[in-house]
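Student: I should like to understand how the terms used for a protein model are justified. May we work through some of them together?

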Amino acid sequence: MKFSIVARALATGLALMFAAAVAAQQTAAQQSFPSKPIRIIVPFSPGGTNDILARLLAPKLTESLGQQVIVDNRPGGNTVIASDALLKSAPDGHTLSLPGNSHVLTPYLTRTPLPFDVIKDFAPVASLARTGLFLVINPAVPASNLQEFIAYAKSKPGEINSAAPGGSLNQLATEVFNSLAGVKLQHIPYKGSGPAMADVVGGQAQLSFQTPASALGHLKSGRLKAIAITGDTPYVDPKVPTFAQAGLKGFDIILTFGLLAPGGTPKPVIERLNTEVAKILAMPDFKEKVAAQGLETFVSTPEQYAAHLKSESEKFARVVKAAGIRPE
């Protein structure tokens with residue numbers, strides 16, 4: 001009996017010592033952070049919304065944290081290359097990624113099992129922004145509105161190419177559109193929105209589902225036409241109807257963007273980053289620059305962002321199953 005009491009007391013003492021050591025370590029991590037430049041990994045090539053948002057955020061974080069924040073593009077592999085690079089980095093807050101909710105879509109679009117768990121192995125830091133997706137077409141496509149485009153696509157099953165970054169919500173939008181509209185667009189994978197858009201402008205592909213940030217320049221120049229946008233808000237250009245307004249209901253795909261850190265990053269570091277990001281999102285000049293890209297700021301705590309990504313993962317599982325999408 002006495003041995004049992006002593007053993008319990010010893011175990012309790014060790015647990016308290018361990019908790020104190022962890023708390024001291026976390027406090028030290030918070031006090032010393034950041035101690036070197038911070039890297040934001042973007043899983044797509046330059047020119048897309050993830051890249052634009054990262055480059056808007058980087059100078060603001062540099063100013064607020066007192067350390068240089070750099071953007072590192074790691075495209076390819078359905079975002080797996082970037083995620084793998086993040087997880088191979090030290091979990092100290094000095095390496096982050098900005099994948100958006102495409103991060104939790106990747107398992108459903110990739111045939112090969114991933115070398116990590118998109119939920120458990122990452123630490124959500126903060127949400128940043130959200131937006132819908134334009135359906136943009138090359139002006140040579142004989143359609144001026146959504147119904148005309150659907151009729152045209154039905155007349156050429158499998159012959160119309162949709163350019164999109166592989167493993168992205170842009171790709172999912174193509175497959176969901178096929179299911180809702182009863183057409184067969186051919187998905188052509190790219191390493192980012194920039195190259196995808198270049199091929200739609202050049203006529204190598206006929207269309208793409210793209211964020212306003214990626215498409216606006218081409219739309220203003222007349223090199224592309226936008227005929228509808230996902231979600232329930234006609235972002236940026238009220239002349240472009242939502243899919244529901246144009247007669248195709250149920251197309252509610254919304255892109256959200258945020259920062260992730262490697263799992264195991266100290267909570268005080270995550271909280272410091274979240275606090276600084278929230279301050280930046282409230283700055284009028286930053287909000288104005290984000291709005292000019294067709295984005296809406298999206299503020300959350302780390303816990304709220306984690307819950308959002310989990311909810312998105314569950315939603316994508318249902319959408320992929322309902323649309324009969326098979327991993328590539």
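Tutor: Certainly. Please bear in mind that this is a predicted model. We may begin with strand β4 and Pro124, which stands opposite Leu260 in β10.

Student: What makes β4 and strand β10 a pair?

Tutor: Two strands pair if at least two bridges are found between them. Strand β4 (residues 122–131) and strand β10 (residues 255–262) share eight bridges in the antiparallel sense, so the requirement of at least two bridges is met.

Student: How do you know that β4 and strand β11 pair?

Tutor: Two bridges join β4 to strand β11 (residues 296–297), and at least two are needed, so these strands pair. The two strands run antiparallel, and Arg130 stands opposite Glu296 in β11.

Student: Why is β4 called mostly covered?

Tutor: Nine of the 10 residues of β4 are buried. Buried means under 20% relative accessible area.

Student: Why is Pro241 called partly exposed?

Tutor: Pro241 has a relative accessible area of 25%. Buried would require under 20% and exposed over 50%, so Pro241 is partly exposed. The residue Pro241 lies in the loop between β9 (225–229) and β10.

Student: Which residues is Pro241 in contact with, leaving aside its neighbours within four places in sequence?

Tutor: Pro241 is in contact with Ile227, Ala228, Ile229 and Ala246, leaving those neighbours aside. Contact means heavy atoms within 4.5 Å.

Student: What makes Phe149, Phe177, Phe209, Phe243 and Phe251 a cluster?

Tutor: Ring pairs link Phe149, Phe177, Phe209, Phe243 and Phe251. Rings pair if their centres lie within 6.5 Å. The structure holds eight aromatic pairs.

Conventions. Residues numbered from 1 in each chain as written. Predicted model: local features only at pLDDT ≥ 70, side-chain atom pairs only at ≥ 80, totals over all residues. Heavy atoms only, no water. Buried < 20%, exposed > 50% of the residue type's maximum accessible area, 1.4 Å probe, protein only. Helix = DSSP H or I, 4+ residues; strand = E, 2+ residues; numbered from the N terminus. Phe/Tyr/Trp six-rings, centres within 6.5 Å; stacked < 30°, edge-to-face > 60°.
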